[in-house]
Amino acid sequence: MSLEYNRYLSQTAKELQPSGIRKFFDLAASMEGVISLGVGEPDFVTPWSIREAAILSIEQGFTSYTANPGMLELRQEITSYLGTRFGVKYDPTNQVIVTIGASQAIDLAFRAILNQGDEVLIVEPAFVSYAPLVSIAGGTPIAVATSPVNGFKVTAAQIEAAITENTKAILLCSPNNPTGSTLTKDELLEISKVLKKHDLLVVSDEIYAELTYDESFTSMASIEGMYERTILINGFSKGFAMTGWRLGFLAAPKEFVEVMLKIFQYTTMCAPNMLQHGAIEALRNTYHEVESMRNSYRRRRNFVVQALNQMGLDCHTPGGAFYVFPSIRATGLSSEQFAEELLMQEKVAVVPGHVFGESGEGYIRCSYATSMPQLQEALKRIQRFIESRGVNPKKDTVECHTPS
Amino acid sequence: MRLSSEEIEILKIIEENHKISVETIASMALCSEETVNQTIEKLEQAKIIMSYPTLIDWSKVEGHENVVAMIDVKVTPKRGVGFDEVAGRISRFSEVSSLYLMSGAYDLSITVEGKTMNQIATFVSEKLSTIENVVSTTTHFMLKKYKHDGVIFSSDNEDKDRRMVVTP
Ligand SMILES: Cc1ncc(COP(=O)(O)O)c(C=O)c1O
(Lines give C-alpha, C1' and ligand atoms only; values in the text may rest on other atoms or scores of the structure.)
Protein backbone atom coordinates (compact mmCIF):
# COMPACT_ATOMS: atom_id res chain seq x y z
CA MET A 1 0.00 0.00 0.00
CA SER A 2 1.43 3.37 -0.93
CA LEU A 3 0.84 6.46 1.12
CA GLU A 4 -1.73 9.07 0.24
CA TYR A 5 1.14 11.37 -0.66
CA ASN A 6 -0.99 14.35 -1.54
CA ARG A 7 -1.96 14.64 2.08
CA TYR A 8 1.65 15.26 3.10
CA LEU A 9 2.67 17.81 0.52
CA SER A 10 2.71 21.59 1.00
CA GLN A 11 -0.20 23.26 -0.69
CA THR A 12 2.01 26.05 -2.08
CA ALA A 13 4.51 23.58 -3.48
CA LYS A 14 1.82 21.41 -5.01
CA GLU A 15 0.26 24.35 -6.78
CA LEU A 16 3.49 25.46 -8.46
CA GLN A 17 3.37 25.06 -12.22
CA PRO A 18 6.17 22.97 -13.69
CA SER A 19 8.31 25.13 -15.96
CA GLY A 20 7.35 24.93 -19.63
CA ILE A 21 11.07 24.96 -20.38
CA ARG A 22 11.40 21.58 -18.70
CA LYS A 23 8.85 20.01 -21.00
CA PHE A 24 10.64 21.34 -24.01
CA PHE A 25 13.95 20.16 -22.74
CA ASP A 26 12.66 16.61 -22.40
CA LEU A 27 11.36 16.68 -25.93
CA ALA A 28 14.51 18.12 -27.51
CA ALA A 29 16.93 16.07 -25.41
CA SER A 30 15.51 12.85 -26.77
CA MET A 31 16.49 13.75 -30.33
CA GLU A 32 19.80 13.50 -32.17
CA GLY A 33 21.44 16.20 -34.27
CA VAL A 34 19.42 19.10 -32.90
CA ILE A 35 20.71 22.65 -33.36
CA SER A 36 19.72 24.41 -30.22
CA LEU A 37 18.63 28.02 -30.03
CA GLY A 38 16.96 27.08 -26.79
CA VAL A 39 19.76 27.77 -24.36
CA GLY A 40 19.74 30.60 -21.87
CA GLU A 41 23.46 30.63 -21.35
CA PRO A 42 26.66 31.70 -23.10
CA ASP A 43 28.23 29.42 -25.68
CA PHE A 44 31.65 30.44 -24.41
CA VAL A 45 33.46 28.38 -21.84
CA THR A 46 34.46 30.40 -18.73
CA PRO A 47 37.65 32.39 -19.49
CA TRP A 48 40.66 30.27 -18.65
CA SER A 49 42.22 32.55 -16.02
CA ILE A 50 39.03 32.26 -13.94
CA ARG A 51 39.10 28.47 -14.17
CA GLU A 52 42.80 28.53 -13.35
CA ALA A 53 42.21 30.66 -10.24
CA ALA A 54 39.66 28.17 -8.95
CA ILE A 55 41.95 25.22 -9.66
CA LEU A 56 44.81 26.96 -7.86
CA SER A 57 42.63 27.66 -4.83
CA ILE A 58 41.80 23.97 -4.56
CA GLU A 59 45.49 23.09 -4.84
CA GLN A 60 46.23 25.56 -2.08
CA GLY A 61 43.65 23.97 0.15
CA PHE A 62 40.88 26.56 0.21
CA THR A 63 38.29 23.96 1.08
CA SER A 64 36.57 25.37 4.16
CA TYR A 65 33.50 27.55 4.68
CA THR A 66 33.96 31.24 4.07
CA ALA A 67 32.25 34.12 5.89
CA ASN A 68 28.48 33.84 5.44
CA PRO A 69 28.06 36.67 2.95
CA GLY A 70 31.15 35.53 1.03
CA MET A 71 34.88 36.27 1.31
CA LEU A 72 35.44 39.91 2.21
CA GLU A 73 37.97 40.13 -0.63
CA LEU A 74 35.30 39.11 -3.12
CA ARG A 75 32.71 41.46 -1.62
CA GLN A 76 35.23 44.26 -1.95
CA GLU A 77 35.77 43.40 -5.62
CA ILE A 78 32.00 43.34 -6.11
CA THR A 79 31.45 46.76 -4.56
CA SER A 80 34.29 48.29 -6.50
CA TYR A 81 32.90 46.70 -9.69
CA LEU A 82 29.42 48.10 -9.00
CA GLY A 83 30.98 51.48 -8.24
CA THR A 84 33.17 51.80 -11.30
CA ARG A 85 30.86 50.14 -13.82
CA PHE A 86 27.46 51.43 -12.73
CA GLY A 87 28.18 54.27 -10.32
CA VAL A 88 26.46 52.72 -7.28
CA LYS A 89 28.25 52.66 -3.93
CA TYR A 90 27.82 49.84 -1.45
CA ASP A 91 29.66 48.93 1.72
CA PRO A 92 31.30 45.51 1.31
CA THR A 93 31.04 44.78 5.02
CA ASN A 94 27.27 44.89 5.35
CA GLN A 95 25.58 45.50 2.00
CA VAL A 96 26.53 42.50 -0.15
CA ILE A 97 25.85 38.77 -0.12
CA VAL A 98 27.49 36.30 -2.51
CA THR A 99 24.76 33.81 -3.44
CA ILE A 100 24.23 30.57 -5.31
CA GLY A 101 23.47 32.23 -8.61
CA ALA A 102 21.28 35.24 -9.18
CA SER A 103 18.48 32.72 -8.74
CA GLN A 104 19.08 32.44 -5.01
CA ALA A 105 19.48 36.20 -4.67
CA ILE A 106 15.99 36.69 -6.12
CA ASP A 107 14.62 34.06 -3.76
CA LEU A 108 16.25 35.76 -0.76
CA ALA A 109 14.87 39.12 -1.79
CA PHE A 110 11.28 37.87 -1.96
CA ARG A 111 11.56 35.89 1.27
CA ALA A 112 12.93 38.94 3.04
CA ILE A 113 10.28 41.42 1.94
CA LEU A 114 7.01 39.53 1.40
CA ASN A 115 4.17 38.81 3.78
CA GLN A 116 1.13 36.72 2.95
CA GLY A 117 -0.98 38.58 0.41
CA ASP A 118 1.67 41.08 -0.72
CA GLU A 119 1.60 41.58 -4.45
CA VAL A 120 4.67 41.74 -6.67
CA LEU A 121 4.41 43.12 -10.18
CA ILE A 122 6.18 40.99 -12.73
CA VAL A 123 6.80 42.40 -16.15
CA GLU A 124 5.95 39.73 -18.70
CA PRO A 125 7.18 37.99 -20.79
CA ALA A 126 9.42 37.11 -17.86
CA PHE A 127 12.14 34.75 -16.71
CA VAL A 128 10.41 31.55 -15.60
CA SER A 129 11.43 31.69 -11.92
CA TYR A 130 10.00 34.99 -10.84
CA ALA A 131 6.33 34.16 -10.28
CA PRO A 132 6.98 30.81 -8.55
CA LEU A 133 9.56 32.43 -6.25
CA VAL A 134 7.02 35.10 -5.27
CA SER A 135 4.47 32.37 -4.52
CA ILE A 136 6.94 30.31 -2.49
CA ALA A 137 7.64 33.39 -0.38
CA GLY A 138 3.92 33.76 0.28
CA GLY A 139 3.29 36.66 -2.08
CA THR A 140 1.04 36.99 -5.10
CA PRO A 141 2.62 37.55 -8.50
CA ILE A 142 0.76 40.04 -10.70
CA ALA A 143 1.65 40.02 -14.38
CA VAL A 144 2.14 43.26 -16.26
CA ALA A 145 2.04 42.39 -19.94
CA THR A 146 4.23 44.13 -22.49
CA SER A 147 4.06 43.97 -26.26
CA PRO A 148 6.36 44.46 -29.24
CA VAL A 149 4.70 47.81 -30.02
CA ASN A 150 7.44 49.48 -27.99
CA GLY A 151 9.94 46.65 -28.02
CA PHE A 152 8.48 44.83 -24.99
CA LYS A 153 9.42 47.70 -22.70
CA VAL A 154 7.24 48.27 -19.69
CA THR A 155 6.01 51.84 -19.31
CA ALA A 156 5.41 53.88 -16.19
CA ALA A 157 1.71 54.04 -17.07
CA GLN A 158 1.40 50.25 -17.36
CA ILE A 159 2.99 49.88 -13.96
CA GLU A 160 0.78 52.50 -12.38
CA ALA A 161 -2.33 50.80 -13.74
CA ALA A 162 -1.37 47.50 -12.11
CA ILE A 163 -0.69 48.88 -8.64
CA THR A 164 -3.14 48.06 -5.86
CA GLU A 165 -3.00 48.76 -2.14
CA ASN A 166 -1.38 45.33 -1.73
CA THR A 167 1.47 46.00 -4.12
CA LYS A 168 4.78 45.76 -2.30
CA ALA A 169 7.36 45.58 -5.02
CA ILE A 170 8.11 45.20 -8.69
CA LEU A 171 10.58 42.83 -10.28
CA LEU A 172 12.37 44.59 -13.10
CA CYS A 173 14.68 42.75 -15.46
CA SER A 174 16.64 44.80 -17.96
CA PRO A 175 18.03 43.55 -20.31
CA ASN A 176 15.20 41.07 -20.24
CA ASN A 177 15.00 37.33 -20.63
CA PRO A 178 13.27 36.35 -22.99
CA THR A 179 12.69 39.55 -25.00
CA GLY A 180 16.12 41.20 -24.71
CA SER A 181 14.38 44.54 -24.21
CA THR A 182 16.53 47.02 -22.37
CA LEU A 183 15.33 50.10 -20.51
CA THR A 184 17.19 53.36 -21.06
CA LYS A 185 18.08 55.74 -18.27
CA ASP A 186 15.17 58.02 -19.22
CA GLU A 187 12.72 55.15 -19.19
CA LEU A 188 13.97 54.05 -15.78
CA LEU A 189 13.58 57.63 -14.55
CA GLU A 190 9.94 57.69 -15.63
CA ILE A 191 9.31 54.36 -13.94
CA SER A 192 11.10 55.48 -10.78
CA LYS A 193 8.66 58.37 -10.37
CA VAL A 194 5.72 55.97 -10.17
CA LEU A 195 7.56 53.65 -7.81
CA LYS A 196 8.43 56.49 -5.47
CA LYS A 197 4.94 57.91 -5.65
CA HIS A 198 3.46 54.58 -4.58
CA ASP A 199 6.27 53.77 -2.18
CA LEU A 200 7.23 50.46 -3.85
CA LEU A 201 10.40 48.41 -3.68
CA VAL A 202 12.28 47.18 -6.72
CA VAL A 203 13.97 43.86 -7.08
CA SER A 204 16.22 44.75 -10.00
CA ASP A 205 17.56 41.72 -11.86
CA GLU A 206 20.66 43.08 -13.60
CA ILE A 207 22.20 39.74 -14.53
CA TYR A 208 22.51 40.80 -18.20
CA ALA A 209 24.03 44.20 -17.38
CA GLU A 210 27.29 43.33 -19.15
CA LEU A 211 25.41 42.33 -22.27
CA THR A 212 23.95 45.58 -23.55
CA TYR A 213 24.80 46.60 -27.07
CA ASP A 214 23.51 49.98 -28.10
CA GLU A 215 23.48 52.11 -24.99
CA SER A 216 25.48 51.88 -21.83
CA PHE A 217 23.72 50.08 -19.02
CA THR A 218 21.96 52.02 -16.27
CA SER A 219 21.41 50.37 -12.91
CA MET A 220 18.10 51.09 -11.20
CA ALA A 221 19.99 51.75 -7.95
CA SER A 222 21.81 54.64 -9.63
CA ILE A 223 18.56 56.53 -10.34
CA GLU A 224 17.93 59.34 -7.90
CA GLY A 225 15.89 58.27 -4.90
CA MET A 226 15.89 54.59 -5.90
CA TYR A 227 18.97 53.34 -4.05
CA GLU A 228 17.03 53.14 -0.78
CA ARG A 229 14.27 51.02 -2.31
CA THR A 230 16.27 48.74 -4.61
CA ILE A 231 17.55 45.23 -4.08
CA LEU A 232 20.12 44.87 -6.81
CA ILE A 233 20.62 41.36 -8.18
CA ASN A 234 23.57 40.45 -10.36
CA GLY A 235 26.01 37.62 -10.86
CA PHE A 236 28.62 35.94 -12.97
CA SER A 237 26.52 33.55 -15.04
CA LYS A 238 25.91 35.54 -18.19
CA GLY A 239 28.50 38.29 -18.57
CA PHE A 240 31.42 36.15 -17.45
CA ALA A 241 30.13 32.89 -18.98
CA MET A 242 29.95 31.16 -15.59
CA THR A 243 26.47 29.61 -15.47
CA GLY A 244 27.59 26.27 -14.05
CA TRP A 245 29.48 27.91 -11.21
CA ARG A 246 26.25 28.97 -9.54
CA LEU A 247 27.59 32.27 -8.28
CA GLY A 248 25.63 35.48 -8.02
CA PHE A 249 25.33 38.35 -5.62
CA LEU A 250 22.96 40.94 -4.28
CA ALA A 251 23.48 44.43 -2.94
CA ALA A 252 20.98 46.52 -1.02
CA PRO A 253 20.52 48.89 1.93
CA LYS A 254 21.94 47.16 5.00
CA GLU A 255 18.54 46.81 6.66
CA PHE A 256 17.46 44.49 3.83
CA VAL A 257 20.79 42.67 3.70
CA GLU A 258 20.67 41.93 7.41
CA VAL A 259 17.38 40.06 7.03
CA MET A 260 18.41 38.28 3.83
CA LEU A 261 21.64 37.22 5.48
CA LYS A 262 19.73 35.56 8.31
CA ILE A 263 17.82 33.42 5.83
CA PHE A 264 20.97 32.74 3.84
CA GLN A 265 22.89 31.63 6.97
CA TYR A 266 20.32 29.00 7.74
CA THR A 267 19.68 27.77 4.21
CA THR A 268 23.13 27.91 2.65
CA MET A 269 25.88 29.03 5.03
CA CYS A 270 28.02 30.41 2.21
CA ALA A 271 28.87 30.04 -1.46
CA PRO A 272 31.60 27.50 -2.33
CA ASN A 273 35.02 28.75 -1.29
CA MET A 274 37.05 27.77 -4.36
CA LEU A 275 34.50 29.24 -6.74
CA GLN A 276 34.69 32.56 -4.93
CA HIS A 277 38.40 32.61 -5.79
CA GLY A 278 37.44 32.23 -9.43
CA ALA A 279 34.97 35.09 -9.10
CA ILE A 280 37.66 37.39 -7.68
CA GLU A 281 39.78 36.71 -10.73
CA ALA A 282 36.76 37.32 -12.96
CA LEU A 283 36.18 40.80 -11.57
CA ARG A 284 39.87 41.70 -11.40
CA ASN A 285 41.32 40.56 -14.65
CA THR A 286 38.91 39.43 -17.32
CA TYR A 287 37.24 42.57 -18.47
CA HIS A 288 38.76 42.37 -21.96
CA GLU A 289 37.29 38.89 -22.37
CA VAL A 290 33.84 40.06 -21.29
CA GLU A 291 34.10 42.81 -23.85
CA SER A 292 35.09 40.49 -26.64
CA MET A 293 32.20 38.12 -25.83
CA ARG A 294 29.84 41.09 -25.81
CA ASN A 295 31.06 42.22 -29.23
CA SER A 296 30.57 38.77 -30.59
CA TYR A 297 26.97 38.59 -29.29
CA ARG A 298 26.20 42.01 -30.72
CA ARG A 299 27.29 41.01 -34.23
CA ARG A 300 25.29 37.79 -34.04
CA ARG A 301 22.26 39.71 -32.81
CA ASN A 302 22.41 42.00 -35.84
CA PHE A 303 22.62 39.02 -38.17
CA VAL A 304 19.79 37.06 -36.53
CA VAL A 305 17.37 39.99 -36.33
CA GLN A 306 17.87 40.80 -39.98
CA ALA A 307 17.59 37.20 -41.11
CA LEU A 308 14.34 36.62 -39.19
CA ASN A 309 12.76 39.82 -40.47
CA GLN A 310 13.78 39.00 -44.03
CA MET A 311 12.15 35.60 -43.89
CA GLY A 312 8.92 37.16 -42.66
CA LEU A 313 9.06 36.67 -38.89
CA ASP A 314 8.68 40.12 -37.33
CA CYS A 315 11.44 40.67 -34.84
CA HIS A 316 12.32 43.81 -32.92
CA THR A 317 15.99 44.60 -32.28
CA PRO A 318 16.64 43.92 -28.61
CA GLY A 319 19.12 46.14 -26.79
CA GLY A 320 20.65 43.41 -24.66
CA ALA A 321 20.94 39.82 -23.39
CA PHE A 322 21.33 37.12 -26.06
CA TYR A 323 17.75 36.44 -27.06
CA VAL A 324 15.49 37.53 -29.86
CA PHE A 325 11.76 37.17 -29.53
CA PRO A 326 10.21 37.11 -33.00
CA SER A 327 6.51 36.87 -33.66
CA ILE A 328 5.40 33.64 -35.29
CA ARG A 329 1.80 34.81 -35.82
CA ALA A 330 2.32 34.88 -39.59
CA THR A 331 2.47 31.09 -39.56
CA GLY A 332 -0.93 30.72 -37.95
CA LEU A 333 0.55 28.33 -35.39
CA SER A 334 0.53 28.67 -31.64
CA SER A 335 3.99 29.15 -30.20
CA GLU A 336 3.90 25.65 -28.74
CA GLN A 337 2.92 24.11 -32.08
CA PHE A 338 5.53 26.18 -33.86
CA ALA A 339 8.31 25.09 -31.51
CA GLU A 340 7.26 21.43 -31.57
CA GLU A 341 6.85 21.18 -35.30
CA LEU A 342 10.06 23.08 -35.98
CA LEU A 343 11.86 20.63 -33.74
CA MET A 344 10.30 17.57 -35.38
CA GLN A 345 10.58 18.80 -38.96
CA GLU A 346 13.90 20.67 -38.95
CA LYS A 347 15.58 19.70 -35.69
CA VAL A 348 15.95 23.23 -34.41
CA ALA A 349 15.09 23.81 -30.75
CA VAL A 350 13.58 27.14 -29.71
CA VAL A 351 11.47 27.94 -26.66
CA PRO A 352 7.75 28.70 -27.13
CA GLY A 353 6.95 32.19 -25.86
CA HIS A 354 4.03 31.28 -23.65
CA VAL A 355 6.31 29.63 -21.08
CA PHE A 356 7.36 33.17 -20.16
CA GLY A 357 3.78 34.24 -19.48
CA GLU A 358 0.58 34.69 -21.45
CA SER A 359 1.82 37.76 -23.27
CA GLY A 360 4.55 35.60 -24.77
CA GLU A 361 2.02 33.62 -26.79
CA GLY A 362 2.60 34.14 -30.49
CA TYR A 363 6.37 34.46 -30.06
CA ILE A 364 9.36 32.20 -29.72
CA ARG A 365 12.60 32.75 -27.86
CA CYS A 366 15.71 32.14 -29.93
CA SER A 367 19.06 32.41 -28.21
CA TYR A 368 21.93 33.56 -30.39
CA ALA A 369 24.52 32.33 -27.93
CA THR A 370 25.59 29.81 -30.55
CA SER A 371 28.40 29.85 -33.10
CA MET A 372 27.86 31.69 -36.39
CA PRO A 373 27.96 28.52 -38.52
CA GLN A 374 25.32 26.92 -36.26
CA LEU A 375 23.20 30.07 -36.34
CA GLN A 376 23.39 30.27 -40.12
CA GLU A 377 22.33 26.67 -40.46
CA ALA A 378 19.53 27.08 -37.90
CA LEU A 379 18.15 30.12 -39.70
CA LYS A 380 18.23 28.29 -43.01
CA ARG A 381 16.17 25.54 -41.45
CA ILE A 382 13.71 27.96 -39.86
CA GLN A 383 13.27 29.64 -43.22
CA ARG A 384 12.58 26.30 -44.89
CA PHE A 385 10.09 25.52 -42.14
CA ILE A 386 8.12 28.72 -42.45
CA GLU A 387 8.19 28.57 -46.24
CA SER A 388 6.58 25.14 -45.94
CA ARG A 389 3.90 26.98 -43.94
CA GLY A 390 3.34 29.48 -46.72
CA VAL A 391 4.89 32.53 -45.09
CA ASN A 392 6.34 34.91 -47.66
CA PRO A 393 9.74 36.34 -47.13
CA LYS A 394 9.94 40.11 -47.21
CA LYS A 395 11.71 41.00 -50.41
CA ASP A 396 12.03 44.67 -49.67
CA THR A 397 13.79 44.69 -46.33
CA VAL A 398 16.02 47.71 -45.95
CA GLU A 399 19.72 46.88 -46.06
CA CYS A 400 20.90 49.44 -43.55
CA HIS A 401 19.10 49.98 -40.34
CA THR A 402 20.19 51.33 -37.03
CA PRO A 403 19.11 49.46 -33.97
CA SER A 404 16.29 51.08 -32.07
CA MET B 1 46.21 54.20 -41.07
CA ARG B 2 43.23 55.36 -39.07
CA LEU B 3 40.15 53.20 -39.62
CA SER B 4 36.53 53.94 -38.89
CA SER B 5 34.73 51.86 -36.30
CA GLU B 6 32.73 50.26 -39.11
CA GLU B 7 35.93 49.21 -40.89
CA ILE B 8 37.33 47.77 -37.68
CA GLU B 9 34.08 45.90 -37.13
CA ILE B 10 34.39 44.31 -40.58
CA LEU B 11 38.02 43.36 -39.88
CA LYS B 12 37.06 41.69 -36.59
CA ILE B 13 34.36 39.66 -38.29
CA ILE B 14 36.58 38.33 -41.06
CA GLU B 15 39.46 37.79 -38.65
CA GLU B 16 37.25 35.33 -36.83
CA ASN B 17 36.04 33.61 -39.99
CA HIS B 18 36.91 34.77 -43.48
CA LYS B 19 34.49 32.37 -45.09
CA ILE B 20 31.48 34.39 -43.96
CA SER B 21 29.61 35.79 -46.95
CA VAL B 22 29.56 39.49 -47.75
CA GLU B 23 25.82 39.51 -47.14
CA THR B 24 26.22 38.05 -43.67
CA ILE B 25 29.08 40.39 -42.78
CA ALA B 26 26.85 43.30 -43.81
CA SER B 27 24.07 42.16 -41.54
CA MET B 28 26.44 41.60 -38.63
CA ALA B 29 28.10 44.99 -38.99
CA LEU B 30 24.84 46.81 -39.81
CA CYS B 31 26.11 48.23 -43.09
CA SER B 32 25.53 47.66 -46.79
CA GLU B 33 27.13 44.90 -48.84
CA GLU B 34 28.70 47.59 -50.97
CA THR B 35 30.42 49.02 -47.90
CA VAL B 36 31.73 45.58 -47.00
CA ASN B 37 33.12 45.01 -50.50
CA GLN B 38 34.71 48.45 -50.66
CA THR B 39 36.20 48.13 -47.21
CA ILE B 40 37.70 44.73 -47.88
CA GLU B 41 39.15 45.90 -51.16
CA LYS B 42 40.60 49.02 -49.57
CA LEU B 43 42.14 47.10 -46.68
CA GLU B 44 43.58 44.49 -49.00
CA GLN B 45 45.19 47.19 -51.07
CA ALA B 46 46.56 48.88 -47.98
CA LYS B 47 47.95 45.47 -46.98
CA ILE B 48 46.14 45.65 -43.66
CA ILE B 49 44.41 42.47 -44.73
CA MET B 50 47.56 40.52 -45.59
CA SER B 51 46.17 37.16 -46.62
CA TYR B 52 43.47 34.67 -45.76
CA PRO B 53 45.40 31.75 -44.36
CA THR B 54 43.74 28.54 -43.29
CA LEU B 55 45.21 27.04 -40.18
CA ILE B 56 45.72 23.34 -40.78
CA ASP B 57 46.91 20.81 -38.27
CA TRP B 58 49.11 18.84 -40.67
CA SER B 59 50.29 16.59 -37.88
CA LYS B 60 46.93 14.85 -38.17
CA VAL B 61 47.27 14.15 -41.89
CA GLU B 62 49.19 10.95 -42.67
CA GLY B 63 52.25 11.49 -44.79
CA HIS B 64 52.06 15.26 -44.35
CA GLU B 65 53.51 15.68 -40.89
CA ASN B 66 55.85 18.63 -41.50
CA VAL B 67 58.98 19.09 -39.48
CA VAL B 68 59.26 22.55 -37.97
CA ALA B 69 62.33 24.15 -36.43
CA MET B 70 62.92 27.46 -34.78
CA ILE B 71 66.39 28.83 -35.35
CA ASP B 72 68.12 31.54 -33.34
CA VAL B 73 70.55 33.42 -35.53
CA LYS B 74 73.31 35.84 -34.59
CA VAL B 75 74.41 38.23 -37.30
CA THR B 76 76.82 41.12 -37.64
CA PRO B 77 74.73 44.11 -38.60
CA LYS B 78 75.91 45.98 -41.65
CA ARG B 79 76.61 49.67 -41.58
CA GLY B 80 73.74 51.70 -43.02
CA VAL B 81 71.25 48.90 -43.48
CA GLY B 82 71.50 47.31 -40.02
CA PHE B 83 69.83 43.91 -39.93
CA ASP B 84 67.40 44.63 -42.72
CA GLU B 85 69.54 43.46 -45.59
CA VAL B 86 70.41 40.08 -44.18
CA ALA B 87 66.86 39.58 -42.86
CA GLY B 88 65.49 40.40 -46.29
CA ARG B 89 67.76 37.81 -47.89
CA ILE B 90 66.83 35.08 -45.45
CA SER B 91 63.08 35.77 -45.63
CA ARG B 92 63.03 35.00 -49.35
CA PHE B 93 63.77 31.30 -48.88
CA SER B 94 60.56 29.31 -49.29
CA GLU B 95 61.51 27.11 -46.33
CA VAL B 96 61.27 30.12 -44.00
CA SER B 97 57.74 30.59 -42.71
CA SER B 98 58.42 33.44 -40.31
CA LEU B 99 61.26 35.72 -39.38
CA TYR B 100 61.53 38.27 -36.59
CA LEU B 101 64.22 40.63 -35.32
CA MET B 102 64.58 40.02 -31.60
CA SER B 103 66.13 41.75 -28.64
CA GLY B 104 68.30 39.67 -26.33
CA ALA B 105 70.76 36.84 -26.75
CA TYR B 106 70.43 36.54 -30.52
CA ASP B 107 69.24 38.73 -33.37
CA LEU B 108 66.90 36.87 -35.70
CA SER B 109 64.30 34.27 -34.89
CA ILE B 110 63.41 32.11 -37.86
CA THR B 111 60.79 29.42 -38.24
CA VAL B 112 61.61 26.88 -40.90
CA GLU B 113 59.37 24.14 -42.23
CA GLY B 114 60.42 21.08 -44.15
CA LYS B 115 59.39 17.58 -45.05
CA THR B 116 62.17 15.93 -43.05
CA MET B 117 64.72 16.79 -40.41
CA ASN B 118 67.36 16.21 -43.00
CA GLN B 119 65.88 18.78 -45.29
CA ILE B 120 66.00 21.38 -42.54
CA ALA B 121 69.53 20.41 -41.56
CA THR B 122 70.61 20.88 -45.16
CA PHE B 123 68.91 24.25 -45.33
CA VAL B 124 70.71 25.41 -42.18
CA SER B 125 74.13 24.16 -43.09
CA GLU B 126 74.11 25.00 -46.77
CA LYS B 127 71.92 28.07 -47.13
CA LEU B 128 71.60 29.84 -43.82
CA SER B 129 75.03 29.53 -42.22
CA THR B 130 76.80 30.37 -45.40
CA ILE B 131 75.19 33.79 -45.69
CA GLU B 132 77.71 36.54 -45.11
CA ASN B 133 77.25 38.21 -41.68
CA VAL B 134 75.55 35.17 -40.17
CA VAL B 135 77.74 34.46 -37.16
CA SER B 136 76.01 31.48 -35.58
CA THR B 137 72.82 29.46 -35.63
CA THR B 138 71.04 27.38 -32.96
CA THR B 139 68.36 25.05 -34.27
CA HIS B 140 65.46 23.89 -32.08
CA PHE B 141 63.19 21.25 -33.55
CA MET B 142 59.56 21.63 -32.59
CA LEU B 143 58.20 18.45 -31.00
CA LYS B 144 54.53 19.20 -30.64
CA LYS B 145 52.21 22.10 -31.37
CA TYR B 146 49.84 23.05 -28.55
CA LYS B 147 48.75 26.49 -29.66
CA HIS B 148 49.40 28.46 -32.82
CA ASP B 149 48.18 31.93 -33.78
CA GLY B 150 45.71 31.94 -30.93
CA VAL B 151 44.27 28.57 -31.85
CA ILE B 152 44.62 25.69 -29.41
CA PHE B 153 45.67 22.47 -31.14
CA SER B 154 44.20 19.63 -29.21
CA SER B 155 42.10 16.58 -29.68
CA ASP B 156 40.36 17.21 -26.39
CA ASN B 157 37.87 19.66 -27.77
CA GLU B 158 37.08 22.59 -25.60
CA ASP B 159 34.83 23.72 -28.44
CA LYS B 160 32.45 20.90 -27.75
CA ASP B 161 29.07 22.28 -26.70
CA ARG B 162 28.40 20.78 -23.31
CA ARG B 163 25.21 22.72 -22.64
CA MET B 164 21.86 21.01 -22.39
CA VAL B 165 19.52 21.55 -25.34
CA VAL B 166 17.08 23.86 -23.58
CA THR B 167 17.89 25.91 -20.45
CA PRO B 168 16.05 28.84 -18.84
C1 LIG C 1 16.74 37.08 -16.11
C2 LIG C 1 17.49 36.03 -15.39
N3 LIG C 1 17.69 36.15 -14.07
C4 LIG C 1 18.37 35.21 -13.39
C5 LIG C 1 18.87 34.09 -14.00
C6 LIG C 1 19.59 33.07 -13.17
O7 LIG C 1 20.96 33.32 -13.14
P8 LIG C 1 21.93 32.45 -12.26
O9 LIG C 1 22.53 31.42 -13.16
O10 LIG C 1 22.98 33.44 -11.79
O11 LIG C 1 21.18 31.87 -11.15
C12 LIG C 1 18.68 33.92 -15.36
C13 LIG C 1 19.18 32.71 -16.05
O14 LIG C 1 18.71 32.31 -17.07
C15 LIG C 1 17.98 34.91 -16.07
O16 LIG C 1 17.78 34.80 -17.39
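**Figure 1. The shell around the ligand, sorted by residue class.** Grouped by class, the residues of this shell are 7 nonpolar, 4 polar and 3 charged. The model shown here and in the other views is a predicted one. In total, 14 residues surround the ligand. If you would like to find your way in quickly, look for A:A102, A:S103, A:D205, A:S237 and A:K238, which are the closest of them. Helix 5 of chain A, covering residues 101-113, gives the shell its largest share, with 3 residues. The ligand itself sits between chains A and B.

**Figure 2. Polar atoms of chain A beside the ligand's oxygen atoms.** Three residues are worth a visit in this view. At A:A102 it is the backbone that matters: one of its N or O atoms is 2.7 Å from an oxygen atom of the ligand. At A:N177, a polar side-chain atom lies 2.7 Å from a ligand oxygen atom. The side chain of A:S237 likewise places a polar atom 2.7 Å from an oxygen atom of the ligand. How much of the ligand does the protein bury? Taken alone, the ligand exposes 390 Å², and 95% of that is buried by the protein.

**Figure 3. The second largest pocket and the residues that line it.** This pocket has a volume of about 800 Å³. Its lining is made up of 27 residues, and those closest to the pocket centre are B:V68, B:E113, B:M142, B:K145 and B:H148. Three strands of chain B are good landmarks here: strand 1 (67-75), strand 2 (96-101) and strand 3 (108-114) each contribute at least two lining residues. By class, the lining holds 10 nonpolar, 10 polar and 7 charged residues.

**Figure 4. An open sheet of 3 strands in chain A.** Follow the strands across the sheet and you will meet them in the order 9-12-11, with antiparallel pairing. Strand 9 (323-324) and strand 11 (351-352) of chain A are the edge strands, each pairing on one side only. As a friendly reminder, strands of a sheet pair through backbone hydrogen bonds, in either a parallel or an antiparallel way.

**Figure 5. Where strand 11 meets strand 12 in chain A.** Here we zoom in on one pairing of the sheet. Strand 11 of chain A is joined by 2 bridges to strand 12 of chain A (residues 364-367), and the two run antiparallel. To pick out a facing pair, start at A:V351, which stands opposite A:R365 of strand 12 in chain A.

Methods:
Residues numbered from 1 in each chain as written. Chains lettered and ligands numbered in written order. Predicted model: local features only at pLDDT ≥ 70, side-chain atom pairs only at ≥ 80, totals over all residues. Heavy atoms only, no water. 1 Å grid on protein atoms, 1.4 Å probe; cavity = no way out; pocket = protein on both sides within 12 Å on 5 of 7 lines; lining within 4 Å. Points joined across faces, edges and corners; volume = space filled by probe spheres on them. Helix = DSSP H or I, 4+ residues; strand = E, 2+ residues; numbered from the N terminus. Nonpolar A, V, L, I, M, F, W, Y, C, P; charged D, E, K, R; others polar. Near = heavy atom within 4 Å. Polar contact = N/O pair within 3.5 Å; in protein donor to acceptor, adjacent residues only side chain to side chain. Areas by Shrake-Rupley, 256 points an atom, 1.4 Å probe, with all protein chains shown as cover. Pairing = 2+ DSSP bridges.
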